[in-house]
Amino acid sequence: MSGIVKRYDEMLSKRGQIESLWRDVERWCVGFRGKYSDYTDQYTLYDNTIFRARDILVSGLYSYLTNPATKWFTLSPVASGNISKQEEDWATDATEKVLASFRGSNLYQRLYQSYSTLVNYGISLLYEEADESGLKFISFPAWSFVFNRDVWGNIVEVIVLLKMSVEEVIEKFGIKNVSDSVIQKKSKNSTNEKKNRNIIFC
């Protein structure tokens, strides 16, 4: 865990070079939506051209999405060659189940948020997880994550800073998957502490 925190701090330090620019974007281009951080200031709106241009670009990106009612992909057990009837039936059934999972999720709502973050700051992170109700997508704000690249420029690690209470952390990840410090905080508090803490999620 200490290694992850150290890498997070290093990547956060490198990102500091563009954070001043992001704060200018937040103040003059974002307004009250898609904020970069908890930074607050008095917003003076002289003209809405920037906001309208941003919304047009986000809507344009969003318009390229395939209608969720459309069958936009098909799974296949093999790339080429003869496919048995049993394999074909399995692929068809799997395709329908995956499509149904996407249709019943919040993917399209979160994609709009993710596109907005991308247009505002040039970076975006969309995360997928599954629970009892099905797939769930989360669009993280720009300030909450950092990433590391290899020598070829490929992203090899993403670290997200979450703000959660001790109880929420244990409920989400399980008591066996959290750090000793979280367990200690849990044992010290006989009541459910609702104070949000910074949680590293890698």
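# Burial, pairing and confidence in a predicted model

Me: In helix 3, Ala91, Ala94, Thr95, Leu99 and Phe102 are buried; why are these residues said to line one face of the helix?

Reply: Seen down the axis of helix 3, the buried residues fall within an arc of 130°, so they line one face; the arc is that of the directions from the helix axis to the C-beta atoms. Buried here means under 20% relative accessible area, exposed means over 50%, and partly exposed lies in between, with a 1.4 Å probe and protein chains only. On the other side of helix 3, Lys85, Gln86, Trp90 and Lys97 are exposed, whereas the cover over its buried residues includes helix 4 and strand 2 (134-140). This is a predicted model, in which local features need pLDDT of at least 70 and side-chain atom pairs count only at pLDDT 80 or more, while totals for chains, interfaces and linings use all residues. Residues are numbered from 1 along each chain as its sequence is written, and side-chain values use heavy atoms, with hydrogens and water left out.

Me: What makes residues 85-103 a helix, and how does its reach compare with the expected one?

Reply: Helices are DSSP runs of H or I with at least four residues, strands are runs of E with at least two, and both are numbered from the N terminus. Helix 3 has 19 residues and spans 27 Å from its first C-alpha to its last, close to the 27 Å expected at 1.5 Å a residue, where the expected span is 1.5 Å times one less than the number of residues. Helix 2 (residues 49-63), with 15 residues, reaches 21 Å, close to its expected 21 Å.

Me: Which residues of helix 2 are buried?

Reply: The buried residues of helix 2 are Phe51, Arg54 and Val58. They cover an arc of only 65° around the axis, which puts them on the same side of helix 2, and on the other side Ile56 and Ser63 are exposed.

Me: How do you know whether Thr117 counts as buried or exposed?

Reply: Thr117, which lies in helix 4 (residues 107-121), has 9% relative accessibility and therefore counts as buried. If residues up to four places away in sequence are not counted, Thr117 touches Gly122, Ile123, Ser124, Ser139, Phe140 and Ala142, a contact being heavy atoms within 4.5 Å.

Me: Why is Val119 called partly exposed?

Reply: Val119, also in helix 4, has a relative accessible area of 26%, and therefore it is partly exposed. Leaving aside neighbours within four places in sequence, Val119 is in contact with Arg54, Leu57, Val58 and Leu61. Val119 and Arg54 are 65 residues apart along the chain, yet their C-alpha atoms are separated by 7.0 Å.

Me: What makes strand 1 and strand 2 a pair?

Reply: Two strands pair if DSSP finds at least two bridges between them, and strand 1 (residues 125-131) and strand 2 have 7, in the antiparallel sense. Glu129 has Lys136 of strand 2 as its bridge partner, and the two strands form a hairpin with 2 residues between them. Strand 3 (residues 145-149) and strand 4 likewise pair in the antiparallel sense, over 5 bridges, and here Phe145 is partnered by Val160 of strand 4. Their hairpin has 5 residues between the strands, and in it Gly153 takes a positive phi near 90°.

Me: What is in the largest nonpolar core?

Reply: A nonpolar core is a set of buried Ala, Val, Leu, Ile, Met, Phe, Trp, Tyr and Cys residues joined through side-chain atoms within 4.5 Å. The largest one has 17 residues, and those with the most contacts inside it are Tyr121, Ile123, Phe140, Phe145, Val160 and Val182. Helix 1 (2-30), strand 4 (155-164) and helix 5 (166-173) are the elements that give two or more residues to this core. Apart from it lies another core of 9 residues, among them Phe73, Leu99, Leu111 and Phe137.

Me: Which element has the lowest mean pLDDT, and which the highest?

Reply: pLDDT is the predictor's confidence in each residue, from 0 to 100; strand 5 (residues 197-201) has the lowest mean among the elements, 54, and helix 4 the highest, 90. The chain averages 79, and 82% of its residues score at least 70. Where pLDDT is low, the predicted coordinates should not be read in detail.
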